[in-house]
Amino acid sequence: MATPHISAAAGQIAPAVLMPGDPRRADRIAALLMPEASVVSEVRGNRVHTGTVNGQPLSVMASGMGMPSLAIYATELFDVYDVQRIIRVGTAGGLSPDVAVGDVLIALGAHTDSAMIDRLIPGIHFSAVASYELIAAAVTASHDLPPLPDGRGGSVHVAPVVSRDGFYGNPPAEIEALAAHGTLGVEMEAAALYGIAASRRRQALAVCTVSDHLLDGSADLSPEQREKDFERALTLALAAAHA
Ligand SMILES: O=P(O)(O)O[C@H]1O[C@H](CO)[C@@H](O)[C@H]1O
Ligand SMILES: O=c1cc[nH]c(=O)[nH]1
């Protein structure tokens with residue numbers, strides 16, 4: 001049953017998986033939601049936590065950074081562990097004046113510069129989009145979110161993001177053009193997640209906290225805040241996981 005990257009036994013991973021990029025965020029999410037969870041795999045130090053929330057099974061594991069890393073885990077979870085839905089709980093950089101640090105992005109779709117998506121259906125520019133049922137659950141949950149206590153943004157947006165292969169070197173003209181086309185954030189995994197889920201007829205969603213802003217870095221979160229400031233996005237992701 002084990003894969004090259006996950007050592008859990010059959011049945012030890014829940015049908016719904018929350019997937020931050022950062023392994024320490026995965027540990028924090030598990031501790032917050034499921035203090036009784038079991039660690040069912042820790043290959044490469046990437047712990048997979050499985051437990052229940054409100055009586056419903058849930059697993060949490062990190063994707064690592066970037067589409068190749070996420071693609072390995074998502075493929076193994078869908079194909080070997082029969083996972084039905086993966087919800088990314090990530091961070092994103094704001095790239096438009098319409099979004100602020102502290103806002104939450106429910107990623108409707110993900111543009112990308114990755115060749116991974118072009119290879120899905122040769123000759124077709126595949127549209128990497130989230131699962132409607134999961135978006136609807138996250139949007140419904142967003143209506144009850146409390147505001148951020150310190151006034152640092154906090155709006156929830158349903159909008160496209162761009163998933164890039166590189167963290168550094170965002171070309172300014174490209175960022176401007178993406179913003180002009182309604183894109184609000186840049187991150188590094190959602191497009192691959194949506195494409196892989198679609199190719200298996202499974203469900204996927206990415207919910208990202210805006211951790212920094214490409215147009216104005218004055219309110220950017222510290223690395224420690226990026227690890228911790230996920231609770232509002234987590235509320236939406238959990239609603240989607242158990243929709
Ligand atoms: O905070 P996470 O979820 O890792 O997401 C973002 O942060 C990482 C880059 O710093 C990339 O993985 C990007 O997508
Ligand atoms: O990929 C990412 C993630 C967070 N912030 C960025 O600027 N880029």
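**Figure 1. Ligand 1 and the residues around it.** An oxygen atom of ligand 1 sits 3.0 Å from a polar backbone atom of Gly 21. This is a predicted model, so please read each distance here as a computed value. Two side chains also come into this view: an N or O atom of the Arg 25 side chain is 2.6 Å from an oxygen atom of ligand 1, and an N or O atom of the Thr 91 side chain is 2.6 Å from an oxygen atom of the ligand too. The protein covers 92% of the 340 Å² of accessible area that ligand 1 has on its own. To find your way around the site, look for Gly 21, Asp 22, Arg 25, Met 65, Arg 88, Gly 90, Thr 91, Phe 167, Glu 187, Met 188, Glu 189 and Arg 226, which surround ligand 1.

**Figure 2. Ligand 2 and its polar partners.** Here a polar side-chain atom of Asp 212 lies 2.7 Å from a nitrogen atom of ligand 2. The backbone takes part in this view as well, with a polar atom of Gly 93 located 3.2 Å from a nitrogen atom of ligand 2. Of the 240 Å² of accessible area that ligand 2 has on its own, the protein covers 93%. The residues surrounding ligand 2 include Thr 91, Ala 92, Phe 167, Val 186, Glu 187, Met 188, Ser 211, Leu 214 and Arg 226.

**Figure 3. The two sides of helix α4.** Helix α4 spans residues 132-142, and its buried residues are Leu 134, Ile 135, Ala 137, Ala 138, Ala 141 and Ser 142. Why do they share one side of α4? Because they cover an arc of only 165 degrees around the axis, they fall on the same side of the helix. Tyr 132 and Thr 140 are exposed, on the face of α4 turned away from its buried side. As for packing partners, the buried residues of α4 meet the strands β5 (85-94), β6 (104-112), β7 (156-163) and β9 (203-213), along with helix α8 (231-241).

**Figure 4. Leu 205 in the largest nonpolar core.** In soluble globular proteins, nonpolar side chains tend to be buried together. The largest nonpolar core of this model has 70 residues, and Ile 13, Leu 18, Tyr 194 and Leu 205 touch the most other members. Setting aside neighbours within four places in sequence, the contacts of Leu 205 include Ile 86, Ile 87, Ile 106, Ala 107, Ala 130, Leu 193, Tyr 194 and Ala 240. Helix α4 comes into this picture again, as Leu 205 is also in contact with Leu 134, Ile 135 and Ala 138. Another core lies apart from the largest one; it has five residues, among them Leu 95, Val 162, Ile 175 and Val 186.

**Figure 5. Thr 183, in the loop between α5 and β8.** Thr 183 is placed in the loop that links α5 (172-180) and β8 (185-187). Is this residue buried or exposed? Thr 183 has 0% relative accessibility, so it counts as buried. Its side chain makes a polar contact of 3.4 Å with the side chain of His 111. Leaving aside neighbours within four places in sequence, Thr 183 is also in contact with Leu 95, Ser 96, Pro 160, Val 161, Val 162 and Leu 178.

**Figure 6. Asp 118 in helix α3.** Asp 118 belongs to helix α3, which covers residues 115-118. With 42% relative accessibility, Asp 118 counts as partly exposed. Beyond its neighbours within four places in sequence, Asp 118 is in contact with Ile 124 and His 125. Asp 118 and Gly 195 are 77 residues apart in sequence, and their C-alpha atoms are 9.8 Å apart in space.

Methods: Residues are numbered from 1 along each chain as its sequence is written. Chains are lettered from A and ligands numbered from 1 in the order in which they are written. This is a predicted model: local features need pLDDT of at least 70, side-chain atom pairs count only at pLDDT 80 or more; totals for chains, interfaces and linings use all residues. Side-chain values use heavy atoms; hydrogens and water are left out. Buried means under 20% relative accessible area, exposed over 50%, partly exposed in between (1.4 Å probe, protein chains only). Helices (H or I, at least four residues) and strands (E, at least two) are DSSP runs, numbered from the N terminus. The arc is that of the directions from the helix axis to the C-beta atoms. Contact means heavy atoms within 4.5 Å. A residue is near a molecule or strand if one of its heavy atoms lies within 4 Å of it. A polar contact is a pair of N or O atoms within 3.5 Å; within protein, one must be able to donate a hydrogen and the other to accept it, and residues adjacent in sequence count only if both atoms are side-chain atoms. Accessible areas come from the Shrake-Rupley method with a 1.4 Å probe; for residues, only the protein chains shown count as cover. A nonpolar core is a set of buried Ala, Val, Leu, Ile, Met, Phe, Trp, Tyr and Cys residues joined through side-chain atoms within 4.5 Å.
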